[in-house]
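Here are my notes after a pass through this one. Have a look at the model first, then see whether you read it the way I do.

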Amino acid sequence: MANAYPRLNSTRPETLLMQMQGYAVVAAAGTQGDDLIGEVVRAGWMRIWQTVHLALGADADRTARFFACGMLGSTLTAIGLPRARSQEARLLPDGRGVSALLPHPAG
């Protein structure tokens, strides 16, 4: 998944943008008192969490890191930030690139 998600974001960015728009719709509907959309989206998201959580050995910290890194990648993709290493290095105060934060397939 760690390799497939960035590839999907780069080849089909509309998929990611639709996901991000879905979160915005949940928030907007909630402010208008409509929580039905939010209930459906949250239930789907929890199914995804559970699937990943079990695949990662039911380790809560590892699962949380996986999703946190995924959201970082999603945010960077959504705002159009290039993935070039020269660009990544400028993102972290200690000089590491974003790739240092992303989960690697081996662990």
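The points below go from the whole chain to one helix.

1. Keep in mind that this is a predicted model. The protein chain has 5 helices and 0 strands, and from the N terminus on its elements read α-α-α-α-α.

2. On the overall fold: of the 107 residues in the protein chain, 21% are buried. Among contacts with a separation of 6 or more, 39% link residues 24 or more positions apart. The accessible surface is about 7,300 Å², and carbon and sulfur atoms contribute 63% of that.

3. Now helix 2, residues 13-31. Does its length add up, or what should its 19 residues span? At 1.5 Å a residue the expected figure is 27 Å, and the end C-alpha atoms sit 28 Å apart, so the two agree.

4. Which residues of helix 2 are buried? They are L16, V26 and A29. Looking down the axis of helix 2, the buried residues fall within an arc of 155 degrees, so they line one face of the helix. The general background is that an α-helix has 3.6 residues a turn, so residues three or four places apart point the same way.

5. What do those buried residues pack against? Their partners are helix 1 (4-11), helix 3 (36-55) and helix 4 (60-78).

6. One last backbone detail: G33, just after helix 2, takes a positive phi of about 85 degrees.

Methods:
Residues numbered from 1 in each chain as written. Predicted model: local features only at pLDDT ≥ 70, side-chain atom pairs only at ≥ 80, totals over all residues. Heavy atoms only, no water. Helix = DSSP H or I, 4+ residues; strand = E, 2+ residues; numbered from the N terminus. Expected span 1.5 Å × (residues − 1). Buried < 20%, exposed > 50% of the residue type's maximum accessible area, 1.4 Å probe, protein only. Arc of directions from axis to C-beta. Contact = heavy atoms within 4.5 Å. Areas by Shrake-Rupley, 256 points an atom, 1.4 Å probe, with all protein chains shown as cover.
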